[in-house]
Amino acid sequence: MEKKKILEICIGKGFLLDKEMLEYFNKLEIKNVESIIDIFFGLGIKEKIINKKLFDKNIDKFRNLLVIENLEENIDKKGIKLLSTDFNFSKKIEVADFVAHFQSRYEEIKKVLEGKDIDNLISIRRIGINNGIYSIIATVIEKRITKNKNLLIEVEDLTGNSIILINKENTKLFNEAKEMMLDDIVIFRVTGSSDMLFANEIIYPDAFLAEEKYGKLDEYVAFSGDLHIGSKMFLEDNFLKFINWLNGNIGDARQKAIACKIKYLFLTGDNIDGVGIYQDQEKLLNIKSCKGQYNKLEELLKKIRKNVQIIMCPGQHDSVWVGEQQKSIPSKWAPGLHNMENLHLVPNPSLVEINDGFKVLMYHGASINRFIDEISEIRIKYKHNHPTKVVREMLKRRHLAPTHGLMDYVPNRNNDAMTINIIPDIIATADQHRAEVDVYNNILMVASSCWQSITPFEEKVGNTPDPCKVPLFNLKTREIKIIDFSDSHGIKWNEGEDLVCKLK
Ligand SMILES: [Fe+2]
């Protein structure tokens, strides 16, 4: 952004900026600069030069506008680029924040849907009383089965509401519509009038890449997470075996050859077990403070060779707010982690770029259980055993956790961080404690395993964890391997004599 333009905005409202503030504003989006200056103008203050002191004094009035646009700021010297913003929110959340959050999400997904070149696209308010054929981009706000066993869906866009009927005789569409989640944003192709619409087709925004990305460098990425350090069920010996292998100290010649090519390690949340996460957790902890648990994590991560870049986001057990987007793990709880040169602490979710442009969307996956509850095909057929079946649904919806009320989230007026705006090359999830790899429309989906044996809670809810498995991905060849560290004797390739996992 041109500094001249910023100064024009300020002068237009009777303000000047000092050099430091001009440099800072230069990193923000122009519309946010305009809004901030408007807020200063509205204060009616006598100061005419905005300096850092004045800015900080009033920061709570515009904190949500301080989104850094200049991504160069987020490139660190290791060639890892954080494309997401580490969101900070300190002002009181109001109803208007939720409204703006959902409007922002609607606008983002609408842009994707408009790209599909659909006929007769119209806003709900403009549907007349005469019958016609229309396409509307709408949010599902209610679903119910009628007395005649048809499906009624109440929808809305930014102009109004409508009712769409899906006839039970149209079995394929009926079954598809039954699996819609509240707050899904889709195109409905309909016939009818403003009184009642009848659906003919449902089109999701969906995500696909024209081709699979291949990197130039022969490097591997390892995916893990759910360490749950502090838990009595933390499998420390197995995790140490993984570190030993990563450092090239154990394994056969082939395994060692791969270990030394690992350049990146993604740790996708639940790095510690936390404290007070569920009732009576204390009985299952051998480290009873979050700081103590992070100290232990630091001790273990420092054993990893320094030329492995570790990218870590929080999960629901880490010491950050549970509402998503979760900010990165703060130094208050884990000062030692902040001093590690090869550790990159990022928010959850985060879009991170590595190795010459590979975009990795990492998301711990607190919503995965909600998807399983809501989508009957997954609940009945796949249960908790196939996390990538859920990730496919996220990609289809271009959203990581669509339904209000099912998940904790922090509303953001400018940007719903759970919307998948940029299609990643790889989406890495965790939470289900089971490793699985699959591909959807040229997007690699990697679910990571865990380093914790089954907990009483998992037994109760029917989760079937499969600990100590580490998926590996070669950025140049796209070879995928899952290495198994669960055996007390040796290291196993999880499947395949050729050492390459078969994708379903
Ligand atoms: Fe976990």
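Reader: Is H433 buried or exposed in this structure?

Author: In this predicted model, the idea is to look at relative accessible area, where under 20% counts as buried. H433 has 3% relative accessibility, so H433 counts as buried. D270 is also buried, its relative accessible area being 3%.

Reader: Which residues are the protein donors of the iron ion, and through which atoms?

Author: For a metal site, one begins with the donor atoms. Here the iron ion has the protein donors D226 through OD, H228 through NE2, D270 through OD and H433 through NE2, and these lie 2.0 to 2.3 Å from the ion. Along the sequence, the spacing of the donor residues reads D-x1-H-x41-D-x162-H. D270 sits in the loop between β10 (262-268) and α9 (290-301), while H433 sits in the loop between β15 (426-429) and β16 (436-440), so this pair ties together parts that are 163 residues apart in sequence.

Reader: Why is the site of the iron ion called irregular?

Author: The general reference is that four tetrahedral donors ideally make angles of 109.5 degrees at a metal. To count as tetrahedral, four donors need all angles between 85 and 135 degrees. At the iron ion, the angles among the 4 donor atoms run from 87 to 173°, and the site is irregular. Water is not among the atoms, so a site such as this may look incomplete.

Reader: What is the volume of the second largest pocket, and which residues are closest to its centre?

Author: A pocket can be read from its volume, then from its lining. The second largest pocket has a volume of about 640 Å³. Its lining has 26 residues, of which Q316, H317, N369, D431 and F457 are the closest to its centre. Two helices, α11 (368-374) and α14 (456-461), each supply at least two residues of this lining, and by class the lining residues of this pocket divide into 8 nonpolar, 10 polar and 8 charged.

Reader: How many cavities of 30 Å³ or more does a search of the whole structure find?

Author: A cavity can be read in the same order, from volume to lining. The search of the whole structure finds 3 cavities of 30 Å³ or more. The largest cavity has a volume of about 60 Å³, and among its 14 lining residues R105, H399, A401, Y409 and M418 are the closest to its centre. That lining has 6 nonpolar, 4 polar and 4 charged residues.

Reader: What lines the second largest cavity?

Author: The second largest cavity is lined by 11 residues, with H101, E324, Q325, V410 and A417 the closest to its centre. Its volume is about 40 Å³, and its lining divides into 5 nonpolar, 4 polar and 2 charged residues.

Methods:
Residues are numbered from 1 along each chain as its sequence is written. This is a predicted model: local features need pLDDT of at least 70, side-chain atom pairs count only at pLDDT 80 or more; totals for chains, interfaces and linings use all residues. Side-chain values use heavy atoms; hydrogens and water are left out. On a 1 Å grid over the protein atoms alone, a cavity is a set of points where a 1.4 Å probe fits but cannot get out, and a pocket is an open set with protein on both sides within 12 Å along at least five of seven lines; lining residues have an atom within 4 Å of a point. Grid points are joined across faces, edges and corners, and a volume is the space filled by probe spheres set on the points. Helices (H or I, at least four residues) and strands (E, at least two) are DSSP runs, numbered from the N terminus. Ala, Val, Leu, Ile, Met, Phe, Trp, Tyr, Cys and Pro count as nonpolar, Asp, Glu, Lys and Arg as charged, and the others, Gly among them, as polar. Donors are N, O and S atoms within 2.8 Å of the metal (3.2 Å for Na, K and Ca); water is not among the atoms, so sites may look incomplete. Four donors count as tetrahedral if all angles lie between 85 and 135 degrees; four count as square planar and six as octahedral if opposite donors are over 155 degrees apart and all others between 65 and 115; anything else is irregular. Buried means under 20% relative accessible area, exposed over 50%, partly exposed in between (1.4 Å probe, protein chains only).
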